[in-house]
Amino acid sequence: MAKAVKTIGVLTSGGDAPGMNAAIRAVVRSAINKGLKVKGIMRGYAGLLEEEIVDMESTSVSDTINRGGTILYTARCKEFTTPEGQQRGAEICRKHGIDGMVVIGGDGSFRGAGKLSALGINTIGLPGTIDLDIACTDYTIGFDTAVNTAMEAIDKIRDTSTSHERCSIVEVMGRNAGYIALWCGIANGAEDILLPERYDGDEQALINRIIENRKRGKKHNIIINAEGIGHSGSMAKRIEAATGIETRATILGHMQRGGTPTCKDRVYASIMGAKATELLVEGKSNRLVAYKNGEFVDFDIQEALNMTKDISEEQFNIAKLLVR
Ligand code: ADP
Ligand code: F6P
């Protein structure tokens, strides 16, 4: 039976992502406009267990849609992965009158959201991660901004790499997921893309391609290396030694997670935030908002977590096809 909610909480958890503020703003304002009370939980599940809970008004989210990061801060919390921690979290929600919750984060955060839901707090997840690695959705809050940030940085590296006729290894974020690397590979016209999902570790083949490219007259050689493969500095040294071509490594790092969200991230995050409130108002729980095949939809959290996602073979092949 659908349970009507009166007071909802909102938290951000795991790695931050540009557009999270737009999502928080949408949750807060859509809920207030539907007659609900809203509480902000600071620092994810860690803040929930510390009872860092603040009342949110419409003005609490003024001047935030254009800001990167998350105004609620974010954290990782080991205690919440235990049944005792989850039980305590649900009790704290009840103590503060919170009967609905919106969790903005990645897969780990959704596992926590599923637990809260099972403990009687109606909980909805919103996909917030720059990695685009949530299987049920074609869009995650923050990917668009992060990939544009990385692309612009790589364009700059390309200028200097061409001028010096060097080889450049650019390491982008993505410990387990190569989407930022793949999209930059296409958008920056990189000569090689090393993805955690695909790289077979054959460095000699990589070196052979660099030598071949130079023979064909290529002035630069941009290799996008995903964080999950890493070791860009030592790889650069080995490539320089084997090819005789000056090689430099640049690790873009956390700059990819910050900055002003793009229009797409602001708009999609706003739509997803409003949809989360709508689901709670309908009495729904244990749902994850997603964007699939051009539509905003929602999935059961456990079903969503059981789905798997791989790099698009089509996109990977196109990247390779267009490089020569
Ligand atoms: P992300 O949400 O970006 O995948 P993490 O994997 O670090 O990030 O998860 C964020 C937080 O979600 C963790 O610090 C923990 O508090 C909570 N979490 C992760 N896995 C579980 C789990 N199996 N059960 C309950 N909570 C979890
Ligand atoms: O999940 C987002 C992400 O930025 C990954 O791309 C990266 O591997 C990880 O977070 C880095 O986490 P941290 O900021 O804790 O080093």
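A polar contact, as the term is used in these legends, is a pair of N or O atoms within 3.5 Å. The model shown in every view is a predicted one.

**View 1. Polar contacts between the protein and ligand 1.** With that cut-off in mind, Asp107 takes part through its backbone, where an N or O atom lies 3.4 Å from an oxygen atom of ligand 1. Two side chains also reach the ligand: a polar atom in the side chain of Ser109 is 2.5 Å from an oxygen atom of ligand 1, and a polar atom in the side chain of Arg76 is 2.8 Å from an oxygen atom of ligand 1. On its own, ligand 1 exposes 550 Å², of which the protein buries 76%.

**View 2. The shell and the pocket around ligand 1.** The shell around ligand 1 is made up of 15 residues, and those that come nearest are Arg76, Cys77, Gly106, Gly108 and Ser109. Helix α4, which runs through residues 107–118, contributes the most to this shell, supplying five residues. Sorted by class, the shell around ligand 1 holds nine polar residues, together with three nonpolar and three charged ones. The space that ligand 1 takes is the largest pocket.

**View 3. Polar contacts between the protein and ligand 2.** In the side chain of His254, an N or O atom is 2.8 Å from an oxygen atom of ligand 2. Gly174 approaches with its backbone, from which an N or O atom lies 3.2 Å from an oxygen atom of ligand 2, while Arg175 does so with a polar side-chain atom, which lies 3.4 Å from an oxygen atom of ligand 2. Of the 390 Å² of accessible area that ligand 2 has on its own, the protein covers 79%.

**View 4. The residues that surround ligand 2.** Around ligand 2 stand Arg76, Thr129, Ile130, Asp131, Met173, Gly174, Arg175, Glu227, His254 and Arg257. By class, this shell comprises five charged residues, three polar ones and two nonpolar ones. The space that ligand 2 takes is the largest pocket. Arg76, listed here around ligand 2, is also among the residues that come nearest to ligand 1.

**View 5. Thr308 in a loop between two helices.** Thr308 is found in the loop that lies between helix α10, residues 301–306, and helix α11, residues 313–321. Thr308 counts as exposed because its relative accessibility is 75%, and exposed means over 50%. Although Thr308 and Asp133 are 175 residues apart along the chain, their C-alpha atoms are separated by 9.1 Å.

Notes:
Residues numbered from 1 in each chain as written. Chains lettered and ligands numbered in written order. Predicted model: local features only at pLDDT ≥ 70, side-chain atom pairs only at ≥ 80, totals over all residues. Heavy atoms only, no water. Near = heavy atom within 4 Å. Polar contact = N/O pair within 3.5 Å; in protein donor to acceptor, adjacent residues only side chain to side chain. Areas by Shrake-Rupley, 256 points an atom, 1.4 Å probe, with all protein chains shown as cover. 1 Å grid on protein atoms, 1.4 Å probe; cavity = no way out; pocket = protein on both sides within 12 Å on 5 of 7 lines; lining within 4 Å. Sits in = over half its atoms within 2 Å of the grid points. Nonpolar A, V, L, I, M, F, W, Y, C, P; charged D, E, K, R; others polar. Helix = DSSP H or I, 4+ residues; strand = E, 2+ residues; numbered from the N terminus. Buried < 20%, exposed > 50% of the residue type's maximum accessible area, 1.4 Å probe, protein only.
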